Amino acid sequence: MSLTADAGPAPRSTAFHGRERELARLGGLLADARRGRSGALVVRGEAGIGKSALLERVAALARDDVRVLRGAGVEPEMELPFAGLHLLLHGALNGVDALPGPQAAALRGALGLAPSPEGGDRFLVGLAVLTLLADLADDRPLLCLVDDAHWLDHASAEALLFAARRLEAEGVVLVFAARDEGPAFPAPGVPELRLPGLDDASAAALLAEHAADLAAPARDRVVAEARGNPLALLELPGTLCREQRRGELPVHSVGFGGASARVGRIFAARIAALPPATRTLLLVAAADDTGRLETVLAAPRRLDAGFADADPAEAAGLVRPAEGRLEFRHPLVRTAVYEHAPAGRRAAAHRALAGAFADLGDDVRRAWHLASAATGPDEEAAGALERCTEHARRRGGYAAVASAYERAALLSPDRGDRGRRLLAAARAAADAGRHAWADRLAGQAADDLDDAADLARAARVRAVAAAARGRPETAHSLLVSAAGSLAGRDRDTAAVMYFEAITYAWNATNLPALLDGARRAGGPPDDADPLVLAAASLARLEEGALPRTRWVRDMVEGLRAHGRPPGLRERAQMAIWDWMVGDDDAAHRRAVAIERDCRDEGAVGVLPTALGLLALSQLFLGRYRDARASAEEALRVAEDTLQHDQAALLTGLLACLAGLFGEEERCRSLCDRLPAGHAVRTVSLNMLDLSLGRHEAVVRRAERHGAAAGTPLLMTLHRPHDLVEAAVRADRPDLARTMAAWVREWADHTGQPWQRGVALRCRALLADDRDADALYAEAVALHGRGGRPFERARTELLYGEWLRRSRRRVDARPPLRSAVEIFDRLGARVWADRARSELRATGERRVTPGHAPGVLDRLTPQEAQIVRLAASGMSNRQIAARLFLSPRTVGHHLYKAFPKLGVASRGELSRLDIPPLP
């Protein structure tokens with residue numbers, strides 16, 4: 001056998017039978033790429049069904065005007081982080097230097113070209129891949145083909161799928177081929193194409209091309225046995241004797257199972273007929289993940305086999321020459337070689353490979369082969385695996401770290417080492433976003449751990465996993481239980497865990513769970529620990545009172561000063577509590593800082609949370625356009641990074657905005673994507689019904705959720721004043737008084753002028769005419785000192801309505817004029833129309849028409865965001881780095897926006913009235 005020439009995959013067919021529909025779809029993606037549009041596709045099917053052949057044909061269709069990158073997953077490399085990505089990009093790495101700094105550093109670290117940045121975001125590598133692919137497509141379209149994607153290592157798959165979900169206008173096509181059998185290759189958000197078996201006519205045509213000498217009975221039997229599997233059609237004729245091929249003897253079934261299993265048995269029989277030394281050589285090659293010549297030559301020598309022993313395998317059509325490699329003709333050949341070898345021979349092959357890689361200085365592969373050779377507990381192999389985890393961690397391959405630790409734990413003779421390594425595996429799996437895996441590992445670790453601190457760490461991993469999977473109550477229970485066990489020896493850590501537990505309960509709007517955590521945290525009112533103080537404060541909810549805002553503020557500030565400086569994710573989690581104190585300006589400054597740092601550091605995974613906080617602060621400050629743009633961007637990133645819980649919260653925030661605007665169809669459509677009992681869904685529908693004057697619906701919803709009994713949903717802490725107004729209009733003074741008391745107490749705790757104004761407004765709604773005037777007037781004065789403009793306009797609207805009903809029409813006009821102006825400025829047209837109608841009813845002769853749409857109202861939220869950045873002087877590349885898009889996609893959105901704005905270039909944006917960036 002010669003390995004000096006790269007023969008490549010020799011085509012076995014001169015025609016491509018029965019795949020016209022599939023070729024047309026892939027050809028359409030190529031045609032779109034030539035027009036500057038991008039696309040991605042996962043081709044799925046059983047082994048041998050023709051996925052690789054289809055990719056070959058698509059590569060041929062690319063011709064010279066499309067650049068082609070090719071990669072593949074390799075089964076033994078599944079535990080090596082970014083091995084698949086390196087194989088795909090190894091010929092294009094000269095473009096890494098042109099990437100934005102954080103992206104370049106992340107990609108270099110992932111590919112082992114430089115140390116990985118400390119604490120890097122695992123999604124930043126995917127963003128770097130997206131930018132690199134877009135750059136490569138600048139000159140001509142780009143086609144990326146990834147075969148055997150089911151064998152990609154987790155880190156490579158995550159990065160490539162992130163890029164695939166964000167492809168838009170780069171001229172890039174990314175096609176994965178994945179087998180049905182074996183490891184799963186989930187690819188949510190990426191379109192799929194399933195390859196069925198060939199129909200009988202196409203199968204017969206393929207068979208006639210490659211086995212023309214088959215008699216009709218033999219041909220019909222092979223077609224029936226192959227069940228449309230092209231590989232089976234090519235291999236089954238080779239199992240027939242001359243008499244069977246001529247139809248002189250019957251063709252018997254090759255056995256039960258699918259076509260790929262049948263072909264596997266054919267390969268196994270062919271392998272069994274080879275000389276022992278040849279089988280040994282093939283087994284070493286099957287167990288090796290590199291296929292490198294030096295390994296293939298070195299390891300078999302330890303087992304008395306040499307490279308010359310490959311000749312019989314080549315003659316049998318099982319291997320073929322490639323440049324510097326021994327290449328199996330099909331993945332099923334590798335599988336058959338490995339799976340049909342006796343366990344002892346497999347172990348011997350792995351020990352030989354471990355020795356070969358030790359000689360080459362490759363400690364990572366040596367460790368994995370030692371582990372594969374072990375037949376029971378083996379501390380040498382376990383220790384070697386643990387030592388190699390740091391290599392994977394430096395490259396950001398957290399899933400590989402988890403796999404190494406888990407395998408090391410299974411090989412650990414000592415129970416304590418096993419528990420420690422399982423806990424390390426669980427923490428790495430959580431960092432990789434593999435939450436079900438993390439939960440299982442942490443649960444197994446707890447069985448082998450005795451130390452309370454270690455058990456607490458395992459509980460925190462399980463809590464994070466539970467919350468990420470939509471089970472915040474479970475997260476709360478795990479943390480509360482573990483904190484109780486730890487409180488006596490590590491009060492600080494226990495306090496943090498109680499805080500986390502209470503936060504999960506708050507996010508779940510689960511009042512009983514929140515109270516349980518607060519009571520367990522305990523602590524006297526004068527306790528110096530701010531976390532315990534705040535927990536005791538939250539326990540007052542049981543008495544129907546709001547928590548002391550000062551204690552909540554102390555809790556947040558105390559946590560920020562607690563131990564090491566918090567990371568971005570911790571800062572974002574703490575910022576959720578800023579809304580309890582009612583200082584919108586401070587909360588907005590904090591949200592802006594977190595969002596800015598996410599962009600500067602390339603923290604793609606934290607960005608949805610940060611943008612959600614920013615959108616909420618913009619909502620409260622009356623910056624509704626900015627709030628919608630922030631929430632839309634956050635939702636796109638959350639969906640692309642598969643953060644489903646965060647996506648639900650952001651969907652709810654967009655529903656709230658739609659409800660506030662009175663956009664019924666949009667609001668209900670967004671709410672339909674949320675669970676029936678989701679608190680944000682309730683708030684959104686309340687706002688919609690209030691905007692449209694359906695007060696009875698608001699009251700009925702409150703009664704269903706327990707607010708009428710005096711215990712509002714936690715999420716309604718920001719909106720009990722909505723219930724006050726609805727209850728008064730629906731003639732339910734009992735509910736209105738209960739909610740008004742909550743509003744007043746919250747205002748007393750925060751001391752914010754706008755909240756005190758809202759509290760006075762609620763009192764005025766319930767007061768008799770003698771007191772209402774003074775209450776409304778004082779409320780309007782307090783609103784004038786700043787705060788939420790929407791609430792000011794609502795107070796002025798209600799005051800103007802009251803004055804008009806009191807026959808003081810002249811006095812009603814100033815507050816109503818102000819309400820019209822504010823609602824118009826905010827874009828709350830339903831509310832503006834209501835205020836405008838009231839103003840006309842006072843006899844006002846010149847009522848201003850509705851607020852004219854702004855110049856950006858003609859654009860989608862994403863187009864508007866890009867246009868504002870372009871108008872500020874940013875280049876496409878700078879905008880792309882800020883928004884985590886590709887520069888080509890930025891240019892695409894500008895190209896679509898310019899005609900809507902009536903301009904021809906970015907230079908003309910300066911003459912438009914574009915609001916400045918906040």
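A contact here means heavy atoms within 4.5 Å. By that yardstick, residues 24 or more positions apart supply 69% of the contacts in the protein chain with a separation of 6 or more.

**Figure 1. The whole chain, before we zoom in.** What you're looking at is a predicted model. The protein chain holds 45 helices and 7 strands. Of its 918 residues, 57% count as buried. If you go hunting for disulfides, a search of the whole structure comes back with 0. As a reminder, a disulfide is a covalent bond between the sulfur atoms of two cysteines. Two cysteines to click on are Cys598, buried at a relative accessible area of 0%, and Cys762, also buried, at 1%.

**Figure 2. Helix 12 against helix 15, a roughly perpendicular pair.** Two packed helices are described by the angle between their axes and the distance between the axes. For helix 12 (residues 276-287) and helix 15 (residues 331-339), the axes come within 9 Å and cross at roughly 115°. Angles of 65 to 115 degrees count as roughly perpendicular, so that is the label for helix 12 relative to helix 15. The crossing of helix 12 past helix 15 is left-handed. On the helix 12 side, the contact uses Leu282, Leu283, Ala285, Ala286 and Ala287, while helix 15 brings Arg334, Val337 and Tyr338. Sort the residues of this contact by class and you get 7 nonpolar, no polar and 1 charged.

**Figure 3. Ala299 and its contacts.** Ala299 sits in helix 13 (residues 293-301). Is Ala299 buried or exposed? With 0% relative accessibility, Ala299 is buried. Once neighbours within four places in sequence are set aside, the contacts of Ala299 are Val284, Ala352, Leu353 and Ala356. Try picking Phe357 as well: its C-alpha atom is 8.7 Å from that of Ala299, with the two positions 58 residues apart along the chain.

**Figure 4. Arg166, a buried arginine.** Arg166 belongs to helix 6 (residues 154-166). Its relative accessibility is 7%, below the 20% cut-off, so Arg166 counts as buried. What does Arg166 touch, leaving aside neighbours within four places in sequence? The list runs Leu130, Arg636, Val637, Asp640, Leu883, Phe884 and Leu885.

**Figure 5. Helix 40 alongside helix 41, running roughly antiparallel.** Helix 40 (residues 789-805) and helix 41 (residues 809-826) have axes 8 Å apart, at an angle of about 150°. Angles over 145 degrees count as roughly antiparallel, which is why this pair gets that description. Helix 40 makes a left-handed crossing with helix 41. Quite a roll call meets here: Pro789, Phe790, Arg792, Ala793, Arg794, Glu796, Leu797, Tyr799, Gly800, Glu801, Leu803 and Arg804 come from helix 40, and Arg809, Asp811, Ala812, Pro815, Leu816, Ser818, Ala819, Ile822, Phe823 and Leu826 from helix 41. By class, the contact of helix 40 with helix 41 splits into 13 nonpolar, 2 polar and 7 charged residues.

**Figure 6. Helix 17 and helix 19, an oblique pair.** The axes of helix 17 (residues 363-373) and helix 19 (residues 398-411) are 11 Å apart and make an angle of about 40°. Helix 17 is therefore oblique to helix 19. Here, too, is a left-handed crossing, helix 17 passing helix 19. Trp368, Ala371 and Ser372 of helix 17 make the contact with Ser403, Ala404, Arg407 and Leu411 of helix 19. The class tally for helix 17 with helix 19 is 4 nonpolar, 2 polar and 1 charged.

**Figure 7. The buried residues of helix 35.** Six-letter labels get crowded in this view, so pick from the list. In helix 35 (residues 695-704), the buried residues are His695, Ala697, Val698, Val699, Arg701 and Ala702. What do they pack against? Their partners are helix 34 (679-691), helix 36 (720-729) and helix 37 (733-750).

**Figure 8. Two loop residues with positive phi, Phe82 and Arg227.** Most residues other than glycine have a negative phi. Phe82, though not a glycine, has phi near 65°. Phe82 falls in the loop between strand 2 (67-72) and helix 3 (83-89), and at a relative accessible area of 3% it is buried. Arg227 isn't a glycine either, and its phi is about 50°. You'll find Arg227 in the loop between helix 8 (216-226) and helix 9 (230-235). With 51% relative accessibility, Arg227 counts as exposed.

Technical notes:
Residues are numbered from 1 along each chain as its sequence is written. This is a predicted model: local features need pLDDT of at least 70, side-chain atom pairs count only at pLDDT 80 or more; totals for chains, interfaces and linings use all residues. Side-chain values use heavy atoms; hydrogens and water are left out. Axes are lines fitted to C-alpha atoms, for helices over the stretch in contact, and angles run from 0 to 180 degrees between N-to-C directions. Helices (H or I, at least four residues) and strands (E, at least two) are DSSP runs, numbered from the N terminus. Angles under 35 degrees count as roughly parallel, over 145 as roughly antiparallel, 65 to 115 as roughly perpendicular and the rest as oblique. A crossing is left-handed if the near helix is turned anticlockwise from the far one by less than a right angle, and right-handed if clockwise. Ala, Val, Leu, Ile, Met, Phe, Trp, Tyr, Cys and Pro count as nonpolar, Asp, Glu, Lys and Arg as charged, and the others, Gly among them, as polar. A disulfide is a pair of cysteine sulfur atoms within 2.5 Å. Buried means under 20% relative accessible area, exposed over 50%, partly exposed in between (1.4 Å probe, protein chains only).
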